[in-house]
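Please open the model in a viewer and keep the selection panel at hand. The stops below proceed from one selection to the next.

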Amino acid sequence: MDAERLLNRAEEHADAAIAYELRADRIEVEAVNGELRLADPERHRGAALRLLKDGSWRVVHADQPDGRDPFKAAVRVPGRGTADLPDEPPAATGRHDWTGRTHPLDALDEVTELALDLSRNSPHDCEVRCVSLALRYRILTTWGTEVEARLHQTSFGVRVSDRGEHGREEYHEREGATAAGPERFLERAETLLDRASRRLRDLLRAEPGPDRVERAVLDPELLGVLVHEAFGHATEGDLVARGESILRGRLGERVASEAVTIVDDPTEPGPFGAYPFDDEGVDARRTVLVEDGVLRAYLTDLTTAAELDAPPTGNGRAETLGDHVQVRMSVTYVEPGDADREELFEEAGDGSVYLLGSKGGQTDTTTGHFQFSAKMGYVLEDGEPARPVRDVGLTGHTLRLLRGVLLLSRERRLHAGYCGKGGQLVPVSDGGPHALIEGPFNLRSG
Amino acid sequence: MTDPLADLEPGRALLLEVRSERIELERLRESGDRVSRSETVTRVARVVTDEGLGVAASTGRDGYDELIELARRSAGLGAGRPVTYPDRVRPEDVRAHHDEATDPERLRELLETVEATVPEDVTLSAVSLTGTLRRVRIRVPGQDWVERRESTVSLSVDVIGEFSGFAWDAAVRPRDLDAESLTEEAATMASRSPEVSPPEGRALVAFDPVALSDLLNHTLVPALSGLEVAKGTSAFERRDLGNRAIEAGVTVLNDPLRDWWPGSYRFDDEGVGPSRVELVSEGRLRGLYTDLYSSERLGLEPTGSGLGSRRPEPCPGNVIVRGESSREGLLEEADLLVRRVMGAHTASHVSGRFSVTGLWVEDPEGRRVKPCSLRGNALTDLLEASREVRRIGSTGAPHALVRCRVGMS
């Protein structure tokens, strides 16, 4: 059933509705130590309807093979709530072409060959993965939205591992992009593997990190993940509305040091978390969350915009057509400062630690406590990263961390990842410059 | 209509169809109820050639003839090591499915129970109930479709008081979820602000079953996967079988044949009947859970653990960890008791090392301890575990004593 027909039927029985049509072609390739584990093509076709009825959102995703009507199932399920839309929900129109040079299905052989070569020739145990997706989707709403996008999205990663003096260690790197087909993997994979292999060699001779340091320098990847997890989630309007955010009621308050400006901006094609419009058909826009240390905005979807009496920011996203829309970040970063990276190392002082990359983390947005693990670190000596250290975890409190930001370097790097919330994963980018932060920090794990 | 498997030899092809029905009810503070319902059908063809194992999947109108052609292309590239599927799929006998899991009325009753149980000193911020019913059909050349059904219903409760509290469980049937106890547990966690600072430095920390299952599911359990061992990304190697695996004299059982536990199934996604396997016995490594690919790589018998519709990977069914100590004795030895941790997914199953934040921590006097970092190694610092086990989802976990380094968060 197409989106127009779904929407026409929904209009009679619901207060508002959003209809979706999606076609996706996807390849997934994985090679391990010269052996090809996956080289799989996939096709997805689907339609879905999201209905607002009796103050409750209902979502029905029905695949087409049976030709079953998803509409009946949607109106049958009971539910009552207070969800609503803003008085005048934005009604975007237009077509967006965010495609790369190559369609994924046309590059399966080339991607496979390179993944095999790289994983075979690595001196370490080596896994190379690439996922490339060509999407075509439309969103129509009962309030006049009619948007369509053709979008390519490619992500790839390498994982190298080996046994060193202290046992087995692994290091991984990942990149991802929108408006890029599998050609991005073909162009960048070797560089990514070289970088991961260099880091692994340092990690294999690394000692456990110091138990505690007073200051740390974070690289853009770790800073980005920290800002995303420890701060960004607390700006999400649904958590703010439910009282599950440490930032509730703090608009206009200082929440970070003056050096810190934090932005969420999905508008430019390129970063992995970018999109032309969100999953409620609202045009993407740039939102300044923190300006010179002061909290300026929360992120919203249409429902939380109505609840919080805030503007819709175009951050309503769902993992699949069958999932509820949630408020999610997109491309979230700290604006760069004006220092050289070397200046940060010097200011940090000998014995401080330069922390690189992220193995993931978690935050309790209600209380602000967080837990992260860096991929590795270097103890600073004479103003330079010197001795490599492993098993560096970072625990702390969101606002203490942001208030402790002393200096930011002048470059900005973004990293691709997947963000989990409420059982759903969506692609995101996060990053920023290098940051010198005043602790103290408990670091060592294991 | 022609049989798409007519030209394919037994052992060299497998067709799969997964029909999944999911219903989700949420009650959110301020915005009320949300309901979602989805139905998906995924069709998969797997074809084995001399070059490899090809896989193609579709959620559209593609028929199996078309998918078999795509899978042949994938196999022609040399994807995957050729495996031999069973000539016949022989389902085991286990109860893993109940229609009530996707009954909106039954789910709503649980939701109302949660709401009615929340004490006045805390606020319910979100309740989420998700029921899923999966019908998996498999066909191999020379045999008609064979079907298995499985259901899961999961409940998560978030409350806010002086602190935040949460609880989660999953079961095959709604009746196996104790909504009252879970709500009380979340409310107890949220009701009091932490009062005292943790002792910094080395300490013996008792992990309750919820905290321990979180930790082990990111360290010990993935390290026992045949695929991780074959890839060299596990703390263990093939030659470690028979050797000491963990410090504590614990036993770890993978049991996908336990009635009404949510990790049970009648056959895996490669058509192999699952078996009950003792993975660790009194601290010694005795087995791994394997699919066809990893079992062949490692020269082990497949355990029927290949799950995943496209390319299955070894997945544990129900994992039951058990020790030999008494819970009371173990708690008496502990400097702290941790009941909820955060960040367990950052632990390493390659080294066993972890660094987590203890969110709900108590000292021996029962006072709430401020959130603190707990760091150690789940394989070498796990000292003893209790005989008594609590089921959380598909994990049966005991209380355990873990040597940790404790620091202020």
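Begin by selecting chain B and chain A together and displaying the charged side chains at their interface: 13 salt bridges are found across it, a salt bridge being a side-chain nitrogen of Lys or Arg within 4 Å of a carboxyl oxygen of Asp or Glu. One of them joins A:Glu169 to B:Arg353, with 2.8 Å between the closest N and O atoms. This is a predicted model, in which local features need pLDDT of at least 70 and side-chain atom pairs count only at pLDDT 80 or more, while totals for chains, interfaces and linings use all residues. Residues are numbered from 1 along each chain as its sequence is written, chains are lettered from A and ligands numbered from 1 in the order in which they are written, and side-chain values use heavy atoms, with hydrogens and water left out.

Next, extend the selection to the whole contact (heavy atoms within 4.5 Å), to which chain B brings 77 residues and chain A 82 residues. Within the area that chain B buries against chain A, B:Arg37, B:Leu77 and B:Arg353 supply 10%, more than any other three residues. The two chains bury about 6,700 Å² between them, 45% of it on carbon and sulfur atoms; buried area is the accessible area (1.4 Å probe) that two parts lose on being put together, summed over both.

Now select strand β3 (residues 53–58) of chain B with strand β2 (residues 35–53) of chain A; these pair in the parallel sense over two bridges. Strands here are DSSP runs (E, at least two residues), numbered from the N terminus, and two strands pair if DSSP finds at least two bridges between them. Along this pairing, B:Ala57 in β3(B) lies opposite A:Glu42.

Finally, hide chain B and colour chain A by domain: domain 1 covers 3–205 and domain 2 covers 208–442, bounds that come from an automatic or database domain assignment. Their contact takes 46 residues from domain 1 of chain A and 40 residues from domain 2 of chain A. The centres of these two domains, taken over C-alpha atoms, are 23 Å apart.

How many salt bridges are there between domain 1 of chain A and domain 2 of chain A? The count is zero. About 3,500 Å² is buried between the two domains of chain A, and carbon and sulfur atoms give 64% of that area.

Terms used:
Helix = DSSP H or I, 4+ residues; strand = E, 2+ residues; numbered from the N terminus.
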